[in-house]
Amino acid sequence: MIRKINNKVAARAISYLLLLTSHLFAGCADLDQTSISSIDRDDFYKSKQDVETSINGIYQEFTVDGFYGMFNNQSIYINDLQTDYVKAGAQTNSAHIRELSNFAIQPTNLFVGYAWEEHYTAINRANVVIDKLAEAAWLDEQSRQNYTNEARFLRALMYFNLVRYFGGVPIVVHDGEGEGAPRNSIDEVYEQIVSDFTAAESLPANYTTLDSRASSLAASALLSKVYLVWAQTLTEKGRANQREYYQKAIQYAQKVIDSGKYRLLDKFIDNWSVDKKNGAEHIFSIEHDRTINANITGHCTFATNWSNSEPVLLATSDKYYLQTDPRDQRRDGSWAKRLYDPNTGSDFEFTIPRFRKYIDSLNYANPASSGNAAGQSTNTTIIRYAEVLLIKAEAENELNGPTQAAYDAINQVRRRAYWSPYNNIQYTPSDGSTLELSGLSQSEFRERLREERRLEFVLEGQRWFDLCRWHILVKYVKAHTPTDAETLGTKTTKVQNISKKNYLLPLPQDQIILNPNLEQNWGYSGETGDGPYGAEYE
């Protein structure tokens, strides 16, 4: 594993040495990606500015490597392409993208390689900060704790991604360690994640006003999600402590709710408006600016502009748009079936809708902004208030059945979905059903909750994670992937390729070669059958 990270990646900054000299204090638009790689790390940590620069270098890793960057495209390509509703469009000329789209991913896939490398680079940068701060006798104790806890927040986020991508991975918490390390268990990785996020909860309430920087409540929100996922992970501790973990998911979600800091935006699409960043619904996001990290999801979903030429990322069919209630503002907030074309002064209708969240409606008509740049300044949402409400609802239902608390949480999301921000009218579903859920069994509530998540988080890097943690990935993809006729002439091979091995990514082949103590995930070395995935995995 980390031999590559200690050699190849060291050249591009496994340590803190390729860092930003300014960062998210003023927003990503002001990022300066100047290298300070000539600085000797042992002589570097002499001031708070030095520490802040090194912490900025952790954030920097979220948007490096252009197309394959962690939160440029990687999170969407891994987590949405590996589902039923997204495919590689005709403009896709990358075998690595098509592997993800068709559930034919290989250990040599570039998205897999970059995911491992970038996450461990960020982890090691965090480790350097934490280790150096422990030695910084010149720094006051409160500042030391704050900087350390910010680094621990970012390290926890990295491990939370890694454990869901790969399963158990090597835990490295000090600079210079990790070469030849074996994989830790999934439970051990979750324990590290919880420890780091819990420490980050100690950040002062006024530590930041930016949702793109670590905060105490962002740590609480992510702890609610970590415990929900861990409760559904079929490991020794996940099974033994399931009820406790559901209760903790509720507890941390409630802490965020009770803070009063966040609320659902009346207008769903405002969550992705480039002029409404740091909004009331945003808890933690990744900043994007097309002049700095331009080759990101917004480009991939709208690169072909107002035409029916297929962009790199495309819905597998128009059925997702057609099946969404027209009174539900998430339909037109997630899908662009018709879109005003400033070149013609009229609406253009797409055969297969585009992903609306990543179309920058403020700037695509600006003569100074190339049309295919639309959405490249749209932030990547890691967690927002709507998800906290749905986490609470899901955990409540799994723990106690559909309690009033579960209904109250999910119905807030539904009320916003059916609210018309233009007419100030509370709509009800077009089919005559009730807006607010009630009277459901536990299993019925579970299915409605899962449907709400599907509608709410289109192309937000959530869907594969959800299908995997619910253990329904194979069954769901086979049941819901559009038929050849429904793809309107563009077939997919998702159904014929998917198998239980797709519950995890393969470990990168070069890491297996470099570190003989790493074992490849089941199914990626030619194994057949169900392997470790028993009847609980569908």
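What covers the buried residues of α2? Elements including α5 (110-135), α6 (141-166) and β2 (282-286) do, and the first close-up starts there. This is a predicted model, so local features need pLDDT of at least 70 and side-chain atom pairs count only at pLDDT 80 or more, while totals for chains, interfaces and linings use all residues. Residues are numbered from 1 along each chain as its sequence is written, and side-chain values use heavy atoms, with hydrogens and water left out.

**View 1. Helix α2 is mostly covered.** Helices (H or I, at least four residues) and strands (E, at least two) are DSSP runs numbered from the N terminus. Of the 13 residues in α2, 10 are buried; that label means under 20% relative accessible area, with exposed over 50% and partly exposed in between (1.4 Å probe, protein chains only). Among them are Asp50, Ile55 and Tyr59. The end C-alpha atoms of α2 (residues 48-60) sit 18 Å apart, which agrees with the 18 Å expected at 1.5 Å a residue; the expected span is 1.5 Å times one less than the number of residues.

**View 2. Arginine 384 is a buried residue in strand β6.** β6 runs over residues 380-384, and arginine 384 has just 1% relative accessibility. Its side chain makes a polar contact with the side chain of glutamate 460 at 2.8 Å. (That takes a pair of N or O atoms within 3.5 Å; within protein, one must be able to donate a hydrogen and the other to accept it, and residues adjacent in sequence count only if both atoms are side-chain atoms.) Leaving aside residues up to four places away in sequence, arginine 384 also touches others, including Trp272, His282 and Arg416; contact means heavy atoms within 4.5 Å.

**View 3. Phenylalanine 67 and tyrosine 68 pair edge-to-face.** Rings of Phe, Tyr and Trp (its six-membered ring) pair if their centres lie within 6.5 Å; planes under 30 degrees apart count as stacked, over 60 as edge-to-face and the rest as tilted. The count comes to 38 aromatic pairs. In this one, the centres are 5.3 Å apart, with 80 degrees between the planes. Phenylalanine 67 is buried at 17%, and tyrosine 68 is buried at 16%.

**View 4. Arginine 164 lies over the faces of phenylalanine 160 and phenylalanine 465.** The distance to the ring centre is 3.6 Å for phenylalanine 160 and 3.8 Å for phenylalanine 465. A charge sits over a ring if NZ of Lys or CZ of Arg is within 6 Å of the ring centre and within 35 degrees of the ring normal. Phe465 also belongs to an aromatic cluster, whose members include Trp116 and Trp464.
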